[in-house]
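Please load the model in a viewer and keep the sequence panel open beside it. The stops below are arranged as a series of selections, each followed by what is found there.

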Amino acid sequence: MKSLLISLSLLLLASGAIGQEVSDTILLDDVIVIPSPFSNYVYNDNAFGNLHWSSEAKKLKEASFLNESLLMAPSVHVNDGTTNPIGQDIQIRGFKTSPLYGLSQEVAVYADGVKKNDLLGDAVFWDLMPTFAMNQTQVFVGSQPLFGLNALGGTINYTSKSGFTNPGGALALNYGSFNRMNAIAEYGANNGRFGYYVGANLWQEDGWRDHSESDVTNVFSKLSYQQGKNVVDFSLQYANTQLLGNGALPLELLDRKEWRDQIFTHPDRTENELAELNASWQYRWNDLTSSRLVLSYKDLETDILNGDESPFRELIENGSVFLVLGDDDDEGEEIDADDYAMDRNGERIEATDDNSEAILNKNQISQQSFSAAYSVNTKWQAGAVFWEIQSGLSYRVGRAHYQASGELGDFDESRAATGSGQSVSNFDTDVITDIGNLHATTGISAVINNDLAIQLSGAYNHSSLILRDQLGTALNGDHRFSNFSGALTAYYLAGNNWMFHGAVNTSTRNPTAVEVSCADPDAPCRLPNAFLSDPPLETVRAVTTQAGIAYQNKRFRFSSTGFITGVSDDIYFVSAGPLRGSGFFDNIGKTRRMGWENSVSWQIGERWNILLNYTLLDATFRDQFKIAAPNHPRATDGEITVMPGDRLALIPRHNVNGKISYQLLENLELEWTQLYNSAQYIRGDEGNELDQIPGFFRQDVAVRYAVQKHLLFWAKVKNLTNVEYHTFGLLGEADEAGELLEVELENNVFAGPAPPRYVELGARYTF
């Protein structure tokens with residue numbers, strides 16, 4: 001029978017892997033984009049339901065991290081705000097997933113059925129994902145209730161290798177520009193009943209900008225048992241990473257070639273240490289019914305250190321010079337008692353030569369979580385209808401301990417913030433957040449006459465968010481959220497080559513601890529990630545309606561999908577009035593992402609393969625509101641008005657990526673990759689009054705040469721023509737930046753420069 005269904009464990013997301021040869025076991029080689037977790041038509045041994053293909057199976061991919069692998073998928077866009085290759089914001093259909101706190105997290109990420117979004121802010125850390133150990137990665141587009149919270153725009157799911165799926169060993173080493181090096185070793189084996197897999201990678205680079213060194217150590221192992229009706233897996237991962245991400249520079253400086261590899265201030269360092277233990281037990285009760293249990297324990301420690309300009313200015317009072325919040329433009333304004341810089345003893349801090357220019361912002365986050373999930377899948381046939389029901393229940397509980405402090409300091413000649421040893425208590429935060437989430441799902445699918453499938457699914461979420469202030473009571477808060485989401489999907493197979501599909505589905509995300517702690521208009525935050533007070537915010541809900549068509553034969557595949565995702569009660573950082581840089585998170589009303597995505601894959605003869613993806617995306621606000629914009633040249637009292645129809649920042653209207661590969665010889669392959677993004681509005685200009693960041697066209701090339709079947713060499717060049725472009729922009733204070741850099745600046749636009757040309761050589765040996 002032509003099955004329409006991926007055998008998912010609903011929330012557990014245990015999708016089957018494509019068969020792979022030993023020679024393809026070292027690096028991620030497939031990213032498949034799918035419109036629904038139920039959409040796997042199998043036709044002529046091809047996954048017909050995979051309506052987009054970003055790469056062909058069994059082709060080497062040298063991507064070091066998952067975010068890099070996603071670049072060739074449809075509707076995927078990158079904002080490189082930190083200019084670190086592992087610190088990027090990834091967008092799917094205009095919905096974000098990011099390692100940065102304070103940004104809305106609108107994409108869910110899973111690994112072997114375990115959610116990777118963190119507890120505190122639903123952030124996703126690409127450096128903690130072992131790309132070398134990934135067997136297959138899937139991107140489910142659209143609002144997907146079966147994947148729980150955060151799946152507003154899509155879900156990323158990957159399955160890991162085992163001794164059964166990837167027997168054999170491999171060693172790989174690549175070295176490239178900026179002293180970037182990646183070494184990988186892995187080995188897997190099984191005796192038919194027991195199997196094991198172990199792999200590790202060491203990645204490090206100096207970075208292409210000043211003071212931008214980073215390194216990643218990642219180890220992943222799995223023990224497996226398969227006998228009769230049982231499949232049992234135990235996996236253990238340990239990762240230790242240190243990333244430097246020195247962000248945007250004034251656009252006026254980036255227009256000068258000598259400034260592109262320089263930085264504003266430093267350090268901007270994030271250190272992660274992860275220990276994660278997972279267990280999975282799949283049991284087949286009979287030929288029609290199976291179940292799966294997944295248990296997971298995760299311990300994540302994060303330290304963040306940012307060297308920034310001091311938020312204080314000097315104030316002469318009664319013959320003494322004190323530090324108070326604000327800058328020189330605020331002279332003459334009334335000073336509140338809370339504006340003075342205070343030490344830990346509650347005394348005002350006087351300005352000195354080594355404490356008045358810089359501040360070292362320190363953040364420590366400790367997170368421990370446990371999750372358990374159980375699902376049952378059963379199927380049967382009644383006449384011409386093939387039925388399948390999948391139900392699941394999961395519970396995730398954990399604690400996040402967030403601490404923040406600031407140390408006054410100065411800048412050295414390299415603009416590094418150096419501490420004076422004097423702590424300022426104004427920004428001290430110590431809060432413990434207990435988080436719990438219960439997720440229940442049920443889905444039913446009917447396949448009629450082997451060509452029509454109708455699928456109905458629903459999910460119920462109940463979450464609790466309990467904050468306890470360790471320094472007082474201001475941050476205390478108890479929040480509970482309950483919601484139901486559903487989906488209706490239909491597929492019709494016409495003849496041997498055509499498929500039509502349509503769907504209406506919903507998903508939700510709850511406010512994070514970061515957002516509810518800065519949601520009071522009577523106690524506005526000066527920074528989006530500040531913790532001040534916690535009145536409730538509403539749950540964000542997305543509704544996606546989409547319809548499409550797909551065609552395939554042995555050499556040609558095509559798909560086209562139109563979609564509209566409306567988001568209600570979207571959360572944004574809005575203005576608290578004419579105060580310098582202050583605001584709070586609030587439900588602003590409605591936003592909408594509407595688009596048309598297309599994908600073509602064509603094999604010409606035995607040597608040529610062509611892939612082309614194009615997405616037209618219109619992402620707009622649908623309600624009017626005000627937003628804090630103190631650095632906007634057209635702001636009134638430090639804020640601007642956003643009108644319905646204004647486009648969301650940092651989302652290009654046109655997104656194109658493509659790839660042409662040519663098999664010059666049986667063991668020699670050439671590849672040419674293209675990436676185009678159109679212009680985008682910058683963050684801080686949500687009213688669309690300023691010029692956009694220009695679009696860009698980037699080209700990459702690669703050459704791969706195999707010596708027999710065990711040894712492979714490659715060379716690749718990214719940004720072949722060394723084009724200078726930006727994928728990120730925001731408004732800042734050009735005059736203050738100019739003072740620090742000792743140059744005159746007038747344009748308040750800051751941008752994140754994209755990397756220059758990158759050249760890499762690599763080799764891999766399999767055994």
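Begin with the surface of the whole protein chain: about 29,500 Å² is exposed, and carbon and sulfur atoms supply 54% of that area. The coordinates belong to a predicted model. Of the 767 residues in the chain, 59% count as buried. Switch to a cartoon representation, in which 4 helices and 40 strands can be traced. Contacts may be added next: among those between residues at least 6 apart in sequence, 68% join residues at least 24 apart.

**First selection: the sheet with β38**

Select residues 249–250 and 726–731, which are the edge strands β17 and β38; each of them pairs on one side only. Together with β39 they form an open sheet of 3 strands, in the order β17-β39-β38 and with antiparallel pairing. Add residues 749–753 to display β39, which is joined to β38 by 5 bridges. Within this part of the sheet, Leu731 stands opposite Val749 of β39.

**Second selection: helix α4**

Move to residues 734–741. Why can helix α4 be described as largely enclosed by the rest of the structure? The reason lies in its burial, because 6 of its 8 residues are buried. Those to highlight are Ala734, Glu736, Ala737, Gly738, Leu740 and Leu741. To see what covers these buried residues, show β17, α2 (251–254), β19 (289–309), β23 (385–411) and β39, which are among the covering elements. Just after the helix, select Glu742, whose phi is positive, at about 60 degrees.

**Third selection: Arg180**

Select Arg180, in strand β13 (residues 180–190). Is this residue buried or exposed? Arg180 has a relative accessible area of 12%; the cut-off for burial is under 20%, and Arg180 is therefore buried. Beyond its neighbours within four places in sequence, Arg180 is in contact with Pro85, Asn174, Tyr175, Trp203, Gln204, Glu205 and Tyr758.

Keep Glu205 from that list on display. Arg180 and Glu205 form a salt bridge, with the closest N and O atoms 2.8 Å apart. This pair links distant parts of the chain, Arg180 in β13 and Glu205 in strand β14 (residues 194–205), 25 residues apart. Glu205 is also buried, with a relative accessible area of 5%.

**Fourth selection: further salt bridges**

How many salt bridges does a search of the whole structure find? The search finds 22. One to display is that between the side chains of Glu106 and Lys96, at 3.7 Å from N to O. Glu106 is in the loop between β7 (95–97) and β8 (107–111), whereas Lys96 is in strand β7; the two are 10 residues apart. Both Glu106 and Lys96 are buried.

Next, select Arg399 and Asp434, which form a salt bridge with the closest N and O atoms 2.7 Å apart. Arg399 lies in strand β23 and Asp434 in strand β24 (residues 417–448), so the pair ties together parts that are 35 residues apart in sequence. Arg399 is partly exposed, with a relative accessible area of 41%, and Asp434 is partly exposed at 24%.

For the final stop, select Glu68, Lys716, Lys718 and Glu760: salt bridges with shared partners join these residues into one network.

How values were computed: Residues numbered from 1 in each chain as written. Predicted model: local features only at pLDDT ≥ 70, side-chain atom pairs only at ≥ 80, totals over all residues. Heavy atoms only, no water. Pairing = 2+ DSSP bridges. Buried < 20%, exposed > 50% of the residue type's maximum accessible area, 1.4 Å probe, protein only. Contact = heavy atoms within 4.5 Å. Areas by Shrake-Rupley, 256 points an atom, 1.4 Å probe, with all protein chains shown as cover. Salt bridge = Lys/Arg side-chain N within 4 Å of Asp/Glu carboxyl O.
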